[in-house]
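Reader: Please take a close look at the strand pairing in one part of this model, and then place that part in its wider setting.

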Amino acid sequence: MKHILSISAYLAIKEIWRNRARFLLVSLVIALITLLVLFIAALGEGLGNGNREYLSKLDAELVVYQAKSDLLISASRLERDKLAAIRRVQGVQDAGVLATANGNIILAEGREPLKAALLGIEPGHTGEPPVLEGRPFSTKLAQEVILDRNAALRSKLEVGDTLELRVTQGTRDEFYDLRVVGISDGQQYALQPTIFVPFFTWEQIRPKAEAEFDNSDPVANVILVKLEDGEQAESLKQRIAQQVNNVEAVEVADAIQALPGYSAQQSTLNTQGAFTLFIGVLVIGGFFQIQILQKVAQIGVLKAIGSTNAVVAAAAILQIILVTIAGVAIGGLLTALFSLTFPPTVPIVFNGSTSAIAIAALLLIGPLGGLISIRYAVRIEPLKALGLST
Amino acid sequence: MSRAAQSLYSIETRSIVKTYDSDFGTIYAVNEVSLQVTAGEFVALVGPSGSGKTTMLSILASLLQPTAGQILLDGQDISQMNDAERVALRREKIGFTFQANNLLPYLSAVENVELMLRLNDQLDKAGRLRARELLARLGLGERLNNLTGQLSGGQQQRVAIARALIHNPSLVLADEPTANLDTERAFQVVETFAGLIHEQQRAGIMVTHDLRMCAFVDRVLQMQDGKLVRSYNSKKEIAGLINNKA
């Protein structure tokens, strides 16, 4: 075995080295495929993250919707009495409301207003984002705002600044001044930067139709639930549904999958990534097949002078692996360099595990693409290859 | 099962038959051919196209299994060997030169020669030195590190000759080694080949169309329609054959 590997490595490396321009060309093609696959994976991660970031970082296990709301947060409407009822369910440690809307942050002169997700949460309860800079809300009615990192970066607002928010209420644009008291980590919601306000403040400043002006009963969209024991999520879902009227509880992961467009977006990007890998298999397979066809006589000579099929196959596999590794390494480096040039507004996120899976898949496509050529090489008859057959 | 058999020769064939089935019935590519070559003897296999000499060479090279008959190489019956045994036999006991495409283009002249030693796991310092000396003897001392593409046709054939001899095989086979060479280089190549076979005491068999090349061999075996029809055993007979054809 060692002898076979030694000879095949010798032949493979000599051939690559003496034809380095040709092999480098294939490596560059693989590098471009790598670049494309990694960017698609990063785009998928970035877009997915932009959609789910707030929910995925929640310190909660369940999301409670209005029954029959098709797990659409914007379609679900829950009165505040539901919050109290849920908090009373045994096994629930804490619960907080989440109310969603959109608003425009008025920026310094000359800059376009920044569209942001306006989330109303219960200060001090589940759903409040961790504050990395500044402080949490002072009261439940405070005219204060916490920015997520994206909103802070894009608005250039800092703790202590005043944020001017424009929303449409009835037929008029209303402007509200909110004091920035804290900045959290990335908490995007619906692919938008997010600003958090106390729920009662949210009710006051949210966009609303004229018919809603007299409605004194504030309504949230969903309730976020933290359990005493996260392992009991399944049974607590049922208990909440039994003890609280007209609600439906799901785990946070299911709530993320139910976000509008999330599944379709992820499956589209995953399909693109899979097709790119498939194209990679075809490109590499095609190159090595042509290469083997050009080397029929050489392989015939090798076999005629006593090389085993194992040596021929191992040399071919080794070449494919080396060329693929080189291509993926170059592609990874190019991706890293390119990623430095993207502005933070581009939803590209290089996640370690996603990139590792993409790289593993890329390393597999080489040998996979070369399988046919290796099979062909092993089947070459020296008699025919050397023109000695009768 | 022991394949050892009694033979006084390096290579001996006994009633070798190779048939092929066709729409017109069974074709005898080789028909009852028996020949013997001793160590240090260089034999030419001649005959018109389709006479069976290439098929016979392929059988001797253990690239093709005979339909019937026995082949003894150093007293060992190789006609019934399995694929793996035949590959090992080609590697260890047989040296080849072919008509064309002899060398691996991505290896230098000396690397091509050393390849036989690598395949046999015999590449050591002495082996490397031997490869260089052999190439130097063949007039390629200044071309050791040249790639195949940087060598002329004659030089490539000489590298192939060195590769065929470097691992001390019992049998050296050459298939039309001068087919792509001009007359002067062809004579040089065959003369050198013959000299080394005599000197190193190998059994050599060369298939050729060019009867002028028989001037350097010890014996000429003529084939026709798959059969050995005549043997030219003396220098006088061989010269007669060459002159007659000329």
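Author: In strand S11 of chain A, Val225(A) is the bridge partner of Ala95(A). This is a predicted model, in which local features need pLDDT of at least 70 and side-chain atom pairs count only at pLDDT 80 or more, while totals for chains, interfaces and linings use all residues. Residues are numbered from 1 along each chain as its sequence is written, and chains are lettered from A and ligands numbered from 1 in the order in which they are written.

The pair Ala95(A) and Val225(A) belongs to the bridging between S3(A) and S11(A). Strand S3 (residues 92–106) and strand S11 (residues 222–227) of chain A run antiparallel and are joined by six bridges. Strands here are DSSP runs of E with at least two residues, and helices are runs of H or I with at least four, numbered from the N terminus; two strands pair if DSSP finds at least two bridges between them.

S3(A) also pairs with strand S4 (residues 114–121) of chain A, in the antiparallel sense and over eight bridges. Within that pairing, Leu119(A) of S4(A) stands opposite Thr100(A). With strand S7 (residues 162–169) of chain A, S3(A) forms three bridges, again antiparallel; here Leu165(A) in S7(A) is the bridge partner of Ile105(A).

As for the wider setting, chain A is divided into domain 1 (2–50 + 263–385) and domain 2 (68–245), with bounds that come from an automatic or database domain assignment. The C-alpha centres of these two domains of chain A are 48 Å apart. Four residues of domain 1 of chain A are in contact with four residues of domain 2 of chain A, contact being counted where C-beta atoms, placed from the backbone, lie within 7 Å. On the domain 1 side, the touching residues comprise one nonpolar, three polar and no charged. Ala, Val, Leu, Ile, Met, Phe, Trp, Tyr, Cys and Pro count as nonpolar, Asp, Glu, Lys and Arg as charged, and the others, Gly among them, as polar.

Chain B offers a further example of strand pairing. Its open sheet of six strands follows the order S6-S7-S8-S3-S9-S10, with mixed pairing. Strand S6 (94–97) and strand S10 (227–232) of chain B are at the edges with a single partner strand each, so one side of each has no neighbour in the sheet. Strand S9 (residues 219–224) of chain B pairs with S10(B) in the antiparallel sense over five bridges, and Leu221(B) has Ser231(B) of S10(B) as its bridge partner.

Note on methods: Two residues are in contact if their C-beta atoms, placed from the backbone, lie within 7 Å.
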